[in-house]
There are 2 protein chains.
Amino acid sequence: MLQSQLFPKTRKEPPKEAESINHKLLVRAGFIDQLMAGSWTLLPLGWRVVNKINQVIREEMNAIGGQEVLMPLLHPKNIWNETGRWDKAKEVMYQFKDSRGREYALSFTHEEIVMDLLRKNIKSYTDLPVAVYHFSTKFRNEARARSGILRGREFLMKDLYSAHTTEKDFWKYYGEVRDAYSKIFTRLGFDFRITEAGGGVFTDNNTHEFQVLAEGGEDTIFCCKKCDWGVNQEIFDEKKAEKCPECGGEIIKAKAIEVGNIFPFGTWYSERMHVYYSDKDGGKKPVFFGSYGIGCTRVMGAWVEVSHDERGIVWNKAMSPFDAHLIELPGAKDAKSVYETLKKEGIEVLWDDRDVPAGEKFADADLIGIAVRLVVSEKTQDKVEWKGRSEEKSQLIELTEAVKKLT
Amino acid sequence: MLQSQLFPKTRKEPPKEAESINHKLLVRAGFIDQLMAGSWTLLPLGWRVVNKINQVIREEMNAIGGQEVLMPLLHPKNIWNETGRWDKAKEVMYQFKDSRGREYALSFTHEEIVMDLLRKNIKSYTDLPVAVYHFSTKFRNEARARSGILRGREFLMKDLYSAHTTEKDFWKYYGEVRDAYSKIFTRLGFDFRITEAGGGVFTDNNTHEFQVLAEGGEDTIFCCKKCDWGVNQEIFDEKKAEKCPECGGEIIKAKAIEVGNIFPFGTWYSERMHVYYSDKDGGKKPVFFGSYGIGCTRVMGAWVEVSHDERGIVWNKAMSPFDAHLIELPGAKDAKSVYETLKKEGIEVLWDDRDVPAGEKFADADLIGIAVRLVVSEKTQDKVEWKGRSEEKSQLIELTEAVKKLT
């Protein structure tokens, strides 16, 4: 698209109240805009990044048999009462009464909603296993929204839910999700650990978190310096590990951002909500249940925390809002035809067609951080000057070669 | 995908409380599931249809310069107070106070939110025009949710907002959106009218609605029998038309479903919310503003109302949840290779691989209503039996020809 039309313009200064890096850079570069504390509009650039993230997640969810749905955000009180979580999770849930006296909660997660869906649609063991997921808005009544887009009152999450006939089948699938999550965060380019943690208002079982190592993180984890073993500080004492139990390596203490979690629930939810199936002998049995979340908007913020320099954001290919940023300088032979050629090849290009000084164009390109910058100017003639955002040096190459590298 | 794994199974009976056709058929065929009155989960088949609809809308919005974003659903009271709509729209808005005493509304539309976004990011005439849109959840506190997915308390909408320097530029764009909407509903296959109507809690101006002619509709319109002119009953008296003002044709009274609307606001919102820009002479002027909605989930319901038979839903190519429904009958040579061939060509196929009687497979195929049915059986040998859902007769054709017709 044409940068002259991109909404909004970049900003020279970060918002006064901004403390975290993702808050400063994502606002300055025009990826997000704050409506109120903890509540953000995803602007065109930000929405593009989140869609890139979502598509990677979607592919890996489909690969393990996940079926995409969309569940409601407004939940009736009676459903949350069935598990006792209307009271147990009161602290984080927005709960209210409408003008007609009906009581609702806003979605902060969907276990009870999925259980209700399953009990209406599952009869026998032949209907299982089932795995459904959706990308949807979550609301959390945070006492203090902070850290930019990392901890909001409203955010986007992918949550997957699976139900199984046996504990064995459940744990097999739990392993598959764990592997799928590892693939997702590897494809997105993160340095992460899989840490054991407590279950909060979700379960008394221990759970697994996917933690991105980041100085700006709110969580503290203890993890192996060598392998991917880790444990959240909150349960570190109970684990009493002095050396890594997996490989004997040194354990280090690190700051991290939780980007995903996977929860084994056993039959706790299905027993309370009567989600039973008939087995081969006609006996009624509760389903084994798990849920698996990834904070899509938080993933975007986490990347900015770990991948930036003094000039701006450094996107990698997987998450970059556009494949290439085409910078047109005075005297360029035919920027339009370069733009059209790239587009025709299915390459997503932001073309800086603005009538502003070269310095401003380069500064904006570094701030926005698109993975590849292509400059056309008087001196490039029929070639383009290619520079990766994370590279120091540029190189003059044929347009056909640029196309090849970008596709 | 494999039908044996599709969640959930179809149902023989519609829900007892269901009155409208879309409610009965969409639930029986497994497209939607009711959480509570007016609140639906979009199941895998339903979510696929809505995504087809959304993609058509997205393409036409992008073609007129719309930039996709995602705006928050939880809105602070103070913003709605700036226009007086916190009180004016009290009837339809969910409004509540959180545990910390802060007052919020749930999104039933986004004019105030867009105005706030613009005033923070628009400075001069060079920043205009701007057109942003999003697909997001809307909440309406309906006294009585009814008509299946046509009138819910929570639903999915695409809303576009545009801001302009002059009234002339605004009306030019309003015309472009009107044309884009006509393209969208034409691509989706609807018989619709563009009717003049009142503005409800949005504006005192008259507005335009896109109305699908349907017996199950809640709206009554007066429209020309020959051309696309129409007017909503609510303002028909003020128009006092006896013959069509466009072509002199006969005016008929008809039931219809409103699937889209476009609203001209002038400077009403921008003056109240101080959304000003500097013109060429440095003078401060309010932006001209409009909003444009399409009820994505309602579009799905509207199609079912107008396109079904006694056996089930009849999807057209544009909205069909899958491109083809592959029915495997006993003795088929190699259903799997047919399935793989179609998939390799990028065709979306639902393969009925279940071990159930042929009659059950045909009944389910007709109920679900995928646009094209392909049967492979003992007698089809190397060919496939092609039947459009809306056609009476099938024909035996080569697989390569089926592929050609489907791509």
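The radius of gyration used here is taken over C-alpha atoms, and the globule rule it is held against is 2.2 Å times the number of residues to the power 0.38. With that in hand, let's look at chain A of this predicted model. For its 407 residues the rule puts a compact globule near 22 Å, and chain A has 24 Å, which agrees. Along the principal axes, its C-alpha atoms fill a box of roughly 80 × 60 × 45 Å.

How far can you trust what you see? Chain A has an average pLDDT of 96, and 100% of the residues score at least 70. For the model, ipTM is 0.97 and pTM is 0.98.

Now for the fold. Chain A is built from 12 helices and 23 strands. Among its contacts with a separation of 6 or more, 69% link residues 24 or more positions apart. Buried residues account for 47% of the chain.

Turn next to the interior. In soluble globular proteins, nonpolar side chains tend to be buried together. Here the largest nonpolar core holds 215 residues, and those touching the most other members are Ile53(A), Leu326(A), Leu374(A), Leu326(B) and Leu374(B). Helix 2 of chain A, residues 44-63, gives this core its largest share, 8 residues. Another core, of 22 residues, lies apart from it and includes Trp80(A), Ala89(A), Tyr104(A) and Leu106(B). Leu374(A) is a good place to zoom in: beyond its neighbours within four places in sequence, its contacts are Ala324(A), His325(A), Leu326(A), Ile327(A), Val384(A), Glu385(A), Trp386(A) and Ala402(A).

From here, step out to the place where the chains meet. In all, 39 residues of chain A are in contact with 39 residues of chain B. Elements giving two or more residues to chain A's side include strand 1 (32-36), strand 2 (39-42), helix 2 and strand 7 (130-139). The largest share, 5 residues, comes from helix 5 of chain A. By character, this side of chain A divides into 23 nonpolar, 9 polar and 7 charged residues.

Finally, consider how the two copies are arranged. A turn of 180 degrees, with a shift of 0.0 Å along the axis, lays chain A on chain B with an RMSD of 0.0 Å. That is the relation of a two-fold axis. If you want to find this axis in the structure, start from Phe96(A), whose C-alpha comes closest to it of the residues of chain A, at 3.1 Å. The copies meet through the same surface, because 100% of the interface residues of chain A are also interface residues in chain B.

Technical notes
Residues are numbered from 1 along each chain as its sequence is written. Chains are lettered from A and ligands numbered from 1 in the order in which they are written. A nonpolar core is a set of buried Ala, Val, Leu, Ile, Met, Phe, Trp, Tyr and Cys residues joined through C-beta atoms within 7 Å. A residue is buried if 20 or more other C-beta atoms lie within 10 Å of its own, exposed if 12 or fewer, and partly exposed in between; C-beta atoms are placed from the backbone. Helices (H or I, at least four residues) and strands (E, at least two) are DSSP runs, numbered from the N terminus. Two residues are in contact if their C-beta atoms, placed from the backbone, lie within 7 Å. Ala, Val, Leu, Ile, Met, Phe, Trp, Tyr, Cys and Pro count as nonpolar, Asp, Glu, Lys and Arg as charged, and the others, Gly among them, as polar. pLDDT is the predictor's confidence in each residue, from 0 to 100. Copies are superposed by least squares on the C-alpha atoms of residues with pLDDT of at least 70 in both.
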